[in-house]
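Open the model in your viewer and keep the sequence panel beside it. The tour goes from one selection to the next.

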Amino acid sequence: MRLASLLLIPLLAACGDHHHDHGPAAEGHDHGHEHGPAATLRTEGDADALWANLNFVAARLGNPATLATDGANLAALAIALESLAAKAPDPDRAAGMLANLARAAGQLAHAADEGEPVEEPLARVRQVLDLARRLDPASSAKPAEPAYVSGPSGGVLAELRDASGKPVGWVEVKLHGDAGDLELWLARDIRIADPLTVPVATVAKLELLGPARTVELRVRDAQSNKDERGRVTVADGRTPYLVFPGETGADASWLMGEGFRSRARLSVGELTAEFELVPHSH
């Protein structure tokens, strides 16, 4: 199959970024969303392993909060499986249907990300997936959760732990290397689909060991705290979303550059996480 021509737009979507300017689009900043959602999982392994991951993602397909990322992940898995279709009883037909699945999943991801109707592309994905399963015996693999390598916004994932060291959730931290600004999402699950909220007065501290500096992340405002897509993140005085520098006027230039790397320790009240902070990849 000629995946280069069929999947040019979805493949670009998997490595794109928003244009941003320290604030949400709804506040008048330039936040064009031209590339779409990115795949967030590792696509390595044999056909059985990849089908197990695909079956896991497909079983959860339909959640509006994760549909864009799920579509991107399905497309990435279908692309990986297409290269392994030689072991199927009819390799050419299996490869062709996996290519069709990747294209349909990419279209679903785009529609969900842009807030367009998803009923038709979702039905198309399920139809093509059913056909692809019939052509590849490996598709009977028992669903297994993938290894996620980034959050749905393309940021670094890290496990959150409480004061006793018990895992209580996950955090995604996204560093925009071209501007030096940071976004942070708190969630109960690794897919960052079930928000873990904190009071809007919360100030998170991020210690960066490389430059030996600490930044504070907080809400943009206590009323709506819109993210960079213009979506309101405040409900009942709580939010899962914090930023730096936001509207504080703090200098973020020292975080700029695609080569930035630092071990980081995050503290959000009694919750902590440790990870390697790197810029979001374009």
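Select R93, A94, M97, L98, N100, L101, A104, A105, L108 and A111 in α5, then add P121, L122, R124, V125, V128, L129, L131, A132 and L135 in α6; these two sets of residues meet each other. Colour the selection by residue class: the contact of α5 with α6 divides into 16 nonpolar residues, one polar and two charged. The model you are looking at is predicted.

Now show both helices in full, residues 91–113 for α5 and residues 119–135 for α6. How far apart are the axes of α5 and α6, and at what angle do the helices pack? The axes lie 9 Å apart, and the angle is about 160 degrees. Angles over 145 degrees count as roughly antiparallel, so α5 is roughly antiparallel to α6. Look along the line from one helix to the other to see the handedness: the crossing of α5 past α6 is left-handed.

Next, go to N55, which sits in helix α3, residues 47–59. Is N55 buried or exposed? Its relative accessible area is 6%, so N55 counts as buried. Display the side chain of N55 and the backbone of S139: a polar atom of that side chain is 2.9 Å from the backbone oxygen of S139. Then select the residues around N55. Apart from neighbours within four places in sequence, N55 has contacts with R133, S139, A141 and P143.

Move on to T202, in the loop that runs between β4 (198–199) and β5 (204–208). The relative accessibility of T202 is 14%, and buried means under 20%, so T202 counts as buried. Which backbone oxygen lies 2.8 Å from a polar atom of the T202 side chain? That oxygen belongs to P199. To see what else surrounds T202, select L217, R218, L242 and V268, the residues in contact with T202 once its neighbours within four places in sequence are left aside.

Finally, zoom out to the whole protein chain. Colouring by secondary structure brings up six helices and ten strands. Switch to colouring by accessibility: of the 282 residues in the chain, 50% count as buried. For a last view, draw the contacts between residues at least 6 apart in sequence; 61% of these contacts join residues at least 24 apart.

Methods:
Residues numbered from 1 in each chain as written. Predicted model: local features only at pLDDT ≥ 70, side-chain atom pairs only at ≥ 80, totals over all residues. Heavy atoms only, no water. Axes fitted to C-alpha atoms, helices over the stretch in contact; angles between N-to-C directions. Helix = DSSP H or I, 4+ residues; strand = E, 2+ residues; numbered from the N terminus. Parallel < 35°, antiparallel > 145°, perpendicular 65-115°, else oblique. Left-handed = near helix turned anticlockwise from the far one by under 90°. Contact = heavy atoms within 4.5 Å. Nonpolar A, V, L, I, M, F, W, Y, C, P; charged D, E, K, R; others polar. Buried < 20%, exposed > 50% of the residue type's maximum accessible area, 1.4 Å probe, protein only. Polar contact = N/O pair within 3.5 Å; in protein donor to acceptor, adjacent residues only side chain to side chain.
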